[in-house]
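Me: I've got a structure open and I'd like to talk it through. Can you keep the answers short?

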Amino acid sequence: MSLRLWLIRHAQSTWNAVGRMQGWADPPLSEWGQQQAAWVAAKLAAEPLQALYASPQVRALETAQAIGAAVGLAPLLDARLKEVDMGQAEGCTWDELLARWPHLNAVIERGDFFVPHVPEAEALPAFTARVGAAFAEIEAAHTEGDVAVVAH
């Protein structure tokens, strides 16, 4: 037997619902997001999960708590699973983002990750290093079985 990771994106937040960039901002789940969390929890209820990890951000935590209630596990919070810090882009819509930083049009057209091109945003190497370290630790702690991770 080997480790099987269930990677679950948080359900819809109130900012997802209105098209706002979230990053480290902490909006809760929308009503629809609460329904989505309940749906995924019901789907995972029959799975033999051995552990449940989550980002501590409210949208991921609320999703993980719904899953945890269905499978009998308390979410293990790991701040390294937080979303990328979007710096000054947090709270912006796409239109606001592109109006404030028009150079991002070219970045996005190239297919590049736009976040590091925004003031005060987290650098991609830092983001991948922290998330990678979290997953390496999860993998080391659970060499086999089913483990769920709720993040971004």
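Me: Let's start with E4. Which residues lie on one side of E4 and which on the other, and are they buried or exposed?
Reply: This is a predicted model, so bear that in mind. Gly145, Val147, Val149 and Ala151 are on one side of E4. Asp146, Ala148 and Val150 are on the other. All of these are buried, so both faces are covered.

Me: How many of the residues of E4 are buried?
Reply: Seven of its seven.

Me: OK, zoom out. How many helices and strands are in the chain?
Reply: Six helices and four strands. Along the sequence, the pattern reads β-α-α-β-α-β-α-α-α-β.

Me: And what are the overall dimensions?
Reply: The C-alpha atoms fill a box of roughly 50 × 35 × 25 Å along the principal axes. The chain has 152 residues, and 41% of them count as buried. The accessible surface comes to about 7,800 Å². Carbon and sulfur atoms account for 57% of that surface.

Me: Back to the strands. What is the order in the sheet?
Reply: The order is E1-E4-E2-E3. It is an open sheet of four strands, with parallel pairing.

Me: Which strands are at the edges?
Reply: E1 (3–9) and E3 (76–77). Each has a single partner strand, so one side of each has no neighbour in the sheet.

Me: How many bridges join each pair?
Reply: E1 and E4 pair over seven bridges. Five bridges join E2 to E4. E2 and E3 pair over two.

Me: Which residues are partners across those pairs?
Reply: Trp6 has Ala148 in E4 as its bridge partner. Leu52 also stands opposite Ala148. For Tyr53, the bridge partner is Leu76 in E3.

Me: What packs on the sheet?
Reply: H6 does, and H6 touches E1, E2 and E4. The direction of H6 makes about 140° with that of E1.

Me: Let's pick a residue in E1. Is Leu5 buried or exposed?
Reply: Neither. Leu5, in strand E1, has a relative accessible area of 33%, so Leu5 is partly exposed. The cut-offs are under 20% for buried and over 50% for exposed.

Me: What does Leu5 touch, apart from its neighbours in sequence?
Reply: Leaving aside residues within four places in sequence, Leu5 is in contact with Phe135, Ile138, Val147 and Val149.

Me: How far is Leu5 from Leu49?
Reply: They are 44 residues apart in sequence. In space they are 9.4 Å apart, C-alpha to C-alpha.

Me: What about contacts across the whole chain? How many join residues at least 24 apart?
Reply: 70% of the contacts between residues at least 6 apart in sequence.

Me: New topic, the core. Why would nonpolar side chains be buried together?
Reply: That is a general tendency in soluble globular proteins.

Me: So which residues touch the most other members of the largest nonpolar core?
Reply: Ile8, Leu52, Ile67 and Val150. The core has 13 residues. Helix H2 (31–44), strand E2 (49–54), helix H3 (58–71) and strand E4 (145–151) each supply at least two of them. H3 gives the most, with four residues.

Me: What is Ile8 in contact with?
Reply: Beyond its neighbours within four places in sequence, Ile8 contacts Val40, Leu44, Thr63 and Ile67. Ala148, Val149, Val150 and Ala151 are also in contact with Ile8.

Me: Which residues does the second core include?
Reply: Ala89, Cys92, Leu104 and Phe114 are among them. This is a separate core of 12 residues.

Me: Back to H2 and H3. How do they cross?
Reply: Their axes come within 8 Å and cross at roughly 35°. The crossing is right-handed.

Me: Which residues meet there?
Reply: From H2, Ala37, Ala38, Val40, Ala41 and Leu44. From H3, Thr63, Ala66, Ile67, Ala70 and Val71.

Me: Last one. What is the phi of Glu120?
Reply: Near 70°. That is a positive value in a residue other than glycine.

Me: Where is Glu120, and is Glu120 buried or exposed?
Reply: Glu120 is in the loop between helix H5 (104–109) and helix H6 (124–141). Its relative accessibility is 62%, so Glu120 counts as exposed.

Conventions:
Residues are numbered from 1 along each chain as its sequence is written. This is a predicted model: local features need pLDDT of at least 70, side-chain atom pairs count only at pLDDT 80 or more; totals for chains, interfaces and linings use all residues. Side-chain values use heavy atoms; hydrogens and water are left out. A nonpolar core is a set of buried Ala, Val, Leu, Ile, Met, Phe, Trp, Tyr and Cys residues joined through side-chain atoms within 4.5 Å. Buried means under 20% relative accessible area, exposed over 50%, partly exposed in between (1.4 Å probe, protein chains only). Contact means heavy atoms within 4.5 Å. Two strands pair if DSSP finds at least two bridges between them. Axes are lines fitted to C-alpha atoms, for helices over the stretch in contact, and angles run from 0 to 180 degrees between N-to-C directions. Accessible areas come from the Shrake-Rupley method with a 1.4 Å probe; for residues, only the protein chains shown count as cover. A crossing is left-handed if the near helix is turned anticlockwise from the far one by less than a right angle, and right-handed if clockwise.
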